Amino acid sequence: MKRAFYIGRFQPFHLGHHSVITSIAEEVDELIIGIGSAQTSHEVNNPFTAGERVMMIRHALEDIDVHFYALPIDDTLQNPIWVSYVTSRTPPFDTVYTNNPLVIELFEETGVTVKQPPMYHRNEYSGTEIRRRMLEGEEWKHLVPDAVADVIEEINGVRRLRRVAGTD
Ligand SMILES: Nc1ncnc2c1ncn2[C@@H]1O[C@H](COP(=O)(O)OP(=O)(O)OP(=O)(O)O)[C@@H](O)[C@H]1O
Ligand SMILES: NC(=O)c1ccc[n+]([C@@H]2O[C@H](COP(=O)(O)O)[C@@H](O)[C@H]2O)c1
């Protein structure tokens, strides 16, 4: 059984994440999607709660051909214990997919294989760019799966982002 781990903050889950997961799905039997900084929400850079991000991922990946688990993972104060904390909360896995330099370093130090997925349209498929567009009233829905746009509408996510940014 080949099981892999993919971690992100998914603020929000966008089409870049969707493309990465579609290609990982061709290489593994099961995928654990770690929803990082799970304790954080209602901030300009982290507007959505862990539960809302679970909902985005669940709906966006309705038709994906891989068994997946979307699991919220809180941050730990100390980086050296983060990998053990992650593995204490997830099913076992042998490969990590990430482009985050700290995540690469921490997992490689413990001997886990790390793969770096290619970037898809990084200038637009980016959480930072999508949140900027939401704040400035520009188009953003084409950068996320339709199901994610629906979730953000249901939770009134753009209004929340503007309020916490003080621009509403
Ligand atoms: N367009 C993309 N193509 C491929 N991988 C991506 C893309 N955007 C993000 N990733 C990767 O997905 C993982 C999770 O990313 P994350 O949730 O931080 O999204 P982000 O768009 O980088 O968000 P933010 O701009 O808020 O930091 C990271 O390893 C990141 O490098
Ligand atoms: N000490 C820690 O808590 C620790 C260390 C490395 C990564 N992380 C988390 O992993 C996630 C990585 O995701 P991104 O690649 O989207 O930044 C983030 O939520 C980040 O906070 C946490």
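**Exercise 1. Describe how ligand 1 is held in this predicted model.**

A polar side-chain atom of H17 lies 3.0 Å from an oxygen atom of ligand 1, a polar contact being a pair of N or O atoms within 3.5 Å. This is a predicted model, in which local features need pLDDT of at least 70 and side-chain atom pairs count only at pLDDT 80 or more, while totals for chains, interfaces and linings use all residues. Residues are numbered from 1 along each chain as its sequence is written, chains are lettered from A and ligands numbered from 1 in the order in which they are written, and side-chain values use heavy atoms, with hydrogens and water left out.

Step 1, further contacts: the side chain of H14 places an N or O atom 2.8 Å from an oxygen atom of ligand 1, and F10 brings a backbone N or O atom to 2.9 Å from an oxygen atom of this ligand.

Step 2, cover: on its own ligand 1 has 600 Å² of accessible area, of which the protein covers 90% (Shrake-Rupley method, 1.4 Å probe).

Step 3, shell: ligand 1 is surrounded by 20 residues, with Y6, Y120, G127, T128 and R131 the closest (a residue is near if one of its heavy atoms lies within 4 Å). By class, the shell holds 8 nonpolar, 9 polar and 3 charged residues, where Ala, Val, Leu, Ile, Met, Phe, Trp, Tyr, Cys and Pro count as nonpolar, Asp, Glu, Lys and Arg as charged, and the others, Gly among them, as polar.

**Exercise 2. Work out which residues and elements surround ligand 2.**

Step 1, shell: of the 13 residues around ligand 2, those that come nearest are S37, D75, T76, N79 and N100.

Step 2, contacts: an N or O atom in the side chain of S37 is 2.7 Å from an oxygen atom of ligand 2, and a polar backbone atom of T76 is also placed 2.7 Å from an oxygen atom of the ligand. For R9, a backbone N or O atom lies 3.2 Å from an oxygen atom of ligand 2. Taken alone, ligand 2 exposes 490 Å², and the protein buries 82% of that.

Step 3, elements: β1 (3–8) and α4 (101–109) each supply at least two residues of the shell around ligand 2, and α4 gives the most, with 3 residues. Helices (H or I, at least four residues) and strands (E, at least two) are DSSP runs, numbered from the N terminus.

Step 4, classes: the shell around ligand 2 has 5 nonpolar, 6 polar and 2 charged residues.

How values were computed. A polar contact is a pair of N or O atoms within 3.5 Å; within protein, one must be able to donate a hydrogen and the other to accept it, and residues adjacent in sequence count only if both atoms are side-chain atoms.
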